[in-house]
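Hi everyone, thanks for making time this morning. Let me put the model up on the screen, and then we can walk through it together.

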Amino acid sequence: MAVNKEDLLAAGKLTEKDFDLLGVGQVRIRALSRGEAARLSDLGSTAEREMFMILHGLVEPKLTKAEVQGLYNGAVSGLLAPLLDEIATLSGQGENAVKEQMTRFPDESGD
């Protein structure tokens, strides 16, 4: 039996979950859409890719692009790495997907 339109559209809904951000508290995150995930490879640096993931994957609290950049530039790596890994996992990119992307798409700037 063929699936109906409503069921198909409902199945495509992005997964969301609460995530414990170590030492900070709980945030709400979601999977990146297929289109968002595809855009990652178009971004020039690892920093741009990771900030894009936070901008689109962090649901609550919702941050502006400037706020994400401030968080990214001011936070210790250990705070954001688990968040990025979890967004990647929800997005179907598997564990350590961020590290794999850094290997596949190294920074041209040498960062």
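Let's begin with the sheet, keeping in mind that this is a predicted model. There are 3 strands here in an open sheet, ordered β1-β2-β3, and the pairing is antiparallel. At the edges sit β1, residues 16-21, and β3, residues 58-60, each pairing on one side only. On average, neighbouring strands in this sheet are turned by 45 degrees against each other, ignoring direction.

Now look at β1 next to β2, which covers residues 25-30: these two pair antiparallel over 6 bridges. If you want a register marker, find Lys-17, which stands opposite Ile-29 in β2.

Next, the helices. Which strands does helix α3 lie across? Residues 46-57 form α3, and this helix lies across β2 and β3, running at about 30 degrees to β3.

α3 also has a helical partner. It packs with α4, residues 65-74, at an angle of about 125 degrees, and the two axes are 10 Å apart. That angle makes α3 oblique to α4, and the crossing is right-handed. On the α3 side, the residues involved include Ala-47, Met-51, Ile-54 and Leu-55, and among those they meet in α4 are Val-68 and Tyr-72.

Finally, please scroll along to α5, residues 77-90. At 1.5 Å a residue, its 14 residues should span 20 Å, and the end C-alpha atoms are indeed 20 Å apart, so the two agree. Several α5 residues are buried, among them Leu-79, Leu-80, Leu-83, Leu-84, Ile-87 and Leu-90, and also Asp-85 and Glu-86. After α5 comes Gly-92, with a positive phi near 80 degrees.

That's my tour, so over to you!

Conventions:
Residues are numbered from 1 along each chain as its sequence is written. This is a predicted model: local features need pLDDT of at least 70, side-chain atom pairs count only at pLDDT 80 or more; totals for chains, interfaces and linings use all residues. Side-chain values use heavy atoms; hydrogens and water are left out. Two strands pair if DSSP finds at least two bridges between them. Helices (H or I, at least four residues) and strands (E, at least two) are DSSP runs, numbered from the N terminus. Axes are lines fitted to C-alpha atoms, for helices over the stretch in contact, and angles run from 0 to 180 degrees between N-to-C directions. Contact means heavy atoms within 4.5 Å. The expected span of a helix is 1.5 Å times one less than its number of residues. Buried means under 20% relative accessible area, exposed over 50%, partly exposed in between (1.4 Å probe, protein chains only). Angles under 35 degrees count as roughly parallel, over 145 as roughly antiparallel, 65 to 115 as roughly perpendicular and the rest as oblique. A crossing is left-handed if the near helix is turned anticlockwise from the far one by less than a right angle, and right-handed if clockwise.
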